[in-house]
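Welcome, and please take a moment to look over the sequence and the model before reading on. We will walk through a few places together, one at a time.

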Amino acid sequence: MKKRVFSGIQPTGDLHIGNYLGAIQHWVKIQHEYDCIYCVVDLHAITIPQDPRILRAKTREVAGLLIASGIDPQIASVFIQSHVHEHSELTWILNCFIPMGWMRRMTQFKEKSQKQKEEVSTALFDYPALMAADILLYNTDEVPVGEDQKQHVELARDVAQRFNSVYGDTFTVPKAVIAKTGARIMALDDPTQKMSKSEEQPGRVINLLDSPDDIRNKIMRATTDSLREIRFDEDRPGINNLLVIYEQFTRQGREEIEGRFEGKGYVDLKRELAEVVVESLSPVQSRYRELTADPHHIDRLLAEGADKVRPIAEKTLARVRDMVGIG
Ligand code: TYM
């Protein structure tokens, strides 16, 4: 029996190289070894205001990009969260077992809610419960994510243990799997901040569908420092981030990379990195264009994905309902 892997991605904004290096590339690699389920989480997306037409289009775009990045929907399952209603129902039940104190500790809510103040939705606060439901519905052993999702996966783990201790073994207790490097790619214009979707500052992120010229311009303008030496050093976040991106895309060792740029300047590193990123994303972009040439193709794949995973979710939820005494 293969171990079960589950992970999710939000269809808000454009997918960027942080998503790719911190999560998607690992999802591709492990799909033969594990029983993998990858979910485009549109219910999470609506925790903040969304334009319905854009959301629908982005949901297909994200699914298309996962497949174009190398996830084979015949091997792994790829589906849209709202296509499997069990996610919402299990969230409600889990809500009844999650103390408010656990939720109040979630740092991502604190960050995200600051922007919206009083307008912030109840669902944004409850976001980690929906995420726990995603994971627990599928008897997940491992959850490969970037560093920013660690706390949420730990909450899912705590909820599973709490529920199991009240009702007996029901949920598999999941664990987060976070790569040692590349799990926190930083913004190009401000390497003290995580790379994240931002419409106001287009120089911050490299999107998977960016044109070669955009990629080159953004990398050439990336913030560095006034020193000269090119080496991995977390105390120099700008140059360190560029080197980590280089390392991730080329898979070369750190010594080899430092040797390659010895005596060279930041402009040389940026030029070479830009070409590496352009070349690495080019096959993803052309596969994406092929895949989306027929607009119904992705929809069919997603419907099949939901059909494959729904029975697992139904079985877990039926057991939970029975344990709790509802229905
Ligand atoms: P999301 O959509 O923000 O990000 C998807 C994945 O990309 C990773 N990531 C990064 N990795 C490295 N550097 C970065 N700058 C960077 N930015 C994003 C994220 O860590 C994530 O792995 N709540 C989740 C989606 C979700 C989920 C789940 C994940 C919903 N249900 C169940 C796992 C299991 C989120 O918003 O990811």
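Two strands pair if DSSP finds at least two bridges between them. The helices (H or I, at least four residues) and strands (E, at least two) named below are DSSP runs, numbered from the N terminus. This is a predicted model, in which local features need pLDDT of at least 70, side-chain atom pairs count only at pLDDT 80 or more, and totals for chains, interfaces and linings use all residues. Residues are numbered from 1 along each chain as its sequence is written, and side-chain values use heavy atoms, with hydrogens and water left out.

Let us begin with the strands. Strand S1 covers residues 4-9 and strand S2 covers residues 35-40; the two pair in the parallel sense over six bridges. To find this pairing in the model, look for Gly8, which stands opposite Cys39 in S2. Another partnership to look for is that of Ile9, whose bridge partner in S2 is Val40. How does the chain get from S1 to S2? It crosses through helix H1 (residues 17-30), and this β-α-β crossover is right-handed: with the strands pointing away from the viewer, the path from the first strand over the helix to the second runs clockwise.

S2 also has a partner in strand S3 (residues 77-80), to which it is joined by four bridges, the two running parallel. Here Cys39 comes up again, since its bridge partner in S3 is Phe79. Are these strands buried or exposed? Buried means under 20% relative accessible area, exposed over 50%, and partly exposed in between (1.4 Å probe, protein chains only). In S1, five of the six residues are buried, so this strand is largely enclosed by the rest of the structure. For S2, too, five of the six residues are buried, so S2 is largely enclosed by the rest of the structure.

Just before S2, in the loop that links H1 to this strand, you will find Glu33. With a relative accessibility of 54%, Glu33 counts as exposed. Glu33 and Glu279 are 246 residues apart along the chain, and their C-alpha atoms are separated by 27 Å.

Now turn to helix H3, which spans residues 52-68 and contains Lys58. Is Lys58 buried or exposed? Lys58 counts as buried, because its relative accessibility is 16%. Apart from neighbours within four places in sequence, Lys58 is in contact (heavy atoms within 4.5 Å) with Pro11, Gly13 and Asp14.

Ala68 is found in H3 as well, and at 0% relative accessibility this residue counts as buried. With neighbours within four places in sequence set aside, Ala68 is in contact with Val284, Arg287, Tyr288 and Leu291. Asp169, by contrast, lies 38 Å from Ala68, C-alpha to C-alpha, and the two are 101 residues apart in sequence.

How is one helix placed against another? Two packed helices are described by the angle between their axes and the distance between the axes. The axes of H3 and helix H13 (residues 295-324) come within 10 Å and cross at roughly 80°. Such axes are lines fitted to C-alpha atoms, for helices over the stretch in contact, and angles run from 0 to 180 degrees between N-to-C directions. H3 and H13 are therefore roughly perpendicular to each other (angles under 35 degrees count as roughly parallel, over 145 as roughly antiparallel, 65 to 115 as roughly perpendicular and the rest as oblique). On the H3 side, the contact is made by Arg60, Ala63, Gly64 and Ile67, and on the H13 side by Ile298, Asp299, Leu301 and Leu302.

A stop at helix H5 (residues 100-104) brings us to Met103. At 4% relative accessibility, Met103 counts as buried. Leaving out residues up to four places away in sequence, Met103 touches Ile98, Phe125, Asp126, Pro128, Ala129 and Leu155. Asp126 is 23 residues from Met103 along the chain, and the C-alpha atoms of the two are separated by 7.5 Å.

Finally, visit two loops. Asn139 lies between helix H7 (122-137) and strand S4 (142-144), and has a positive phi of about 50° although it is not a glycine. At 32% relative accessibility, Asn139 counts as partly exposed. Arg251, in the loop between helix H10 (237-250) and helix H11 (254-260), has a phi near 65°, a positive value in a residue other than glycine.
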